[in-house]
Structures are given as structure tokens and as C-alpha cells.
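Here is a short report for a reader meeting this structure for the first time. Please look over the sequence and the model before reading on.

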Amino acid sequence: MFQTQLPLPQNPQHHTHSLRLVRQIAHWGDTAMGFQLFGRKIRLGFDPIIGLLLPEIGDVITTLSLAPALWVSVVQMRSFPLTIALLYNALLDTVIGALPFFIGDILDIRSKSNVANYRLIVGYLDNDAKVRRMVHSKVVFFSLAIVALLALLFFIVYFVARLTLRLWAFVFSA
């Protein structure tokens, strides 16, 4: 078994109990176990295992592990962009894990959203320019996706309403 180091923030004032909890969740959820397969090092945590053993429900359960990271982002750091980026990673991990026929479970091994979220928090605390750019690009993408989904929903409702009115007029005009 080999170690994966998740770095602590550079400033010791940021070493809070909540951040250490997020670090432990990232370790146990995504990288707790390691083995070699065909000469490649594979890191695996309990997130994909729970998703495999409890289909669909397991993905929801492992998404709940996001709560401490959200606590750090919302309450301690008060960062809206970081919160959106954390939600983006967790939503993407949930969608990947929900893919049918074990495809999601296999892809979930590579996803590692808990580690990604922890690294985003630490990078944001350390004012890492690369992490801040990544957070802001995720916020822009997520915002555009929400706007596109809302526009799609609007057009669906609009066309269903028009179709309903036309059917109503056809049925009662005869």
C-alpha cells in the first residue's frame, strides 16, 4: 500500500478541525486503499465501493460527505465561488456514479471529487492563482449550464402550454 499526501494549508491558522475533517473524508472516500494492477498504481476509497454495493442510494450517501466541505466554504471562508465549485464537483461525481451497468462505478474510481474539493479549498486558502482560476471557470461553466437548463425548461413549458391550448381549441371547436 502506498501513501497519498493531501497537503495542509501553508498558514497554520487555517488548520481548523473542520478542514481536518474534510481532509479525512477525502482520504477515506477517495484514496484509502492502494494496489497495483498491470503495473499501474490504483488508489481507491470507499466512495465507489459504497456506490457499487448500494446502487443509486450509495451515490446519494457519498454526496452527503460534501457537508463538511460546504461548511468550510460557506461558514468559515464565506466564499460563494468556491461553494459553487464544490457543488459542481459533487454533482459531477454523483452523475458519473449514477451511470448504469457498473459503468458509473468504474468511472467513479477515477472521479475523486472529495480529493478535488479538498485541494480546491486548500488552494483557495493559500491564494493559489491556478486554483482560483479553476474555481472561477467552474463557476462560469456551472452558471451557463444552469441558464441553459432553465431556458430549456422554459421552452418545454411554453411548447406544452401551446400544444395544450391548441388541443383544447380543437376538441371544443368541433
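Which strand and which helix each supply at least two residues of the lining of the largest pocket? They are strand E2 (40-44) and helix H6 (103-111). Keep in mind throughout that this is a predicted model.

## The largest pocket

The largest pocket has a volume of about 200 Å³. Its lining is made up of Arg-40, Lys-41, Ile-42, Arg-43, Ile-106, Ile-109, Arg-110 and Lys-112. E2 provides the largest share of this lining, 4 residues.

By class, 5 residues of the lining are charged and 3 are nonpolar. No polar residue takes part. Lysine and arginine are among the residue types that count as charged, and Lys-41 and Arg-43 are two of the lining residues.

## The strand pair

E2 also has a partner strand. Strand E1 (residues 33-37) pairs with E2 in the antiparallel sense, over 5 bridges. Phe-35 has Ile-42 of E2 as its bridge partner. Ile-42 is also one of the residues that line the largest pocket. Leu-37 stands opposite Arg-40 in E2, and Arg-40 is another residue of the pocket lining.

The hairpin of E1 and E2 has 2 residues between the strands. In this hairpin, Phe-38 takes a positive phi near 55°.

## The nonpolar core

The largest nonpolar core has 24 residues. Which of them touch the most other members? They are Leu-82, Leu-86, Tyr-118, Leu-120, Ile-121 and Val-135. Five helices each supply at least two residues of this core: H1 (17-31), H4 (67-76), H5 (80-97), H7 (113-125) and H8 (129-173). H7 gives the most, with 7 residues.

Tyr-118 deserves a second look. What is Tyr-118 in contact with, leaving aside its neighbours within four places in sequence? The list is Leu-6, Pro-7, Leu-8, Pro-9, Leu-19, Val-22, Arg-23 and Ala-26. Two of these contacts, Val-22 and Ala-26, also line the second largest cavity.

## Two cavities

Rolling a probe the size of a water molecule over the atoms shows where empty space is left. How many cavities of 30 Å³ or more does the structure hold? There are 2.

The largest cavity contains about 60 Å³ of space. Asp-47, Thr-62, Thr-63, Ser-65, Leu-66, Ala-90, Asp-93, Ser-113, Asn-114 and Asn-117 line the largest cavity. Helix H3 (57-63), H5 and H7 each give two or more residues to this lining. H7 gives the most, with 3 residues. By class, the lining has 6 polar, 2 nonpolar and 2 charged residues.

The second largest cavity contains about 40 Å³ of space. Around it stand Val-22, Ile-25, Ala-26, Ser-65, Leu-66, Ala-69, Asn-114 and Asn-117. H1 and H7 each give two or more residues to this lining. Here H1 gives the most, with 3 residues. The lining divides into 5 nonpolar and 3 polar residues, with no charged ones. Ser-65, Leu-66, Asn-114 and Asn-117 appear in the linings of both cavities.

## Positive phi in two loops

Most residues other than glycine have a negative phi. Two loop residues depart from this pattern. Lys-112 has a positive phi of about 50°, although it is not a glycine. Its place is in the loop between H6 and H7. Lys-112 is also part of the lining of the largest pocket.

Asn-127 has a positive phi of about 55°, and it is not a glycine either. It lies in the loop between H7 and H8. Is Asn-127 buried or exposed? Asn-127 counts as exposed, because its relative accessibility is 53% and the cut-off for exposed is over 50%.

## A leucine on H5

Leu-91 is found in helix H5. How does Leu-91 count by accessibility: buried, partly exposed or exposed? Leu-91 counts as partly exposed, because its relative accessibility is 45%. That value falls between the cut-offs of 20% for buried and 50% for exposed.

Leu-91 and Asp-30 are 61 residues apart along the chain. Their C-alpha atoms are separated by 16 Å.

Methods:
Residues numbered from 1 in each chain as written. Predicted model: local features only at pLDDT ≥ 70, side-chain atom pairs only at ≥ 80, totals over all residues. Heavy atoms only, no water. Core = buried A, V, L, I, M, F, W, Y, C linked by side-chain atoms within 4.5 Å. Buried < 20%, exposed > 50% of the residue type's maximum accessible area, 1.4 Å probe, protein only. Contact = heavy atoms within 4.5 Å. 1 Å grid on protein atoms, 1.4 Å probe; cavity = no way out; pocket = protein on both sides within 12 Å on 5 of 7 lines; lining within 4 Å. Points joined across faces, edges and corners; volume = space filled by probe spheres on them. Pairing = 2+ DSSP bridges.
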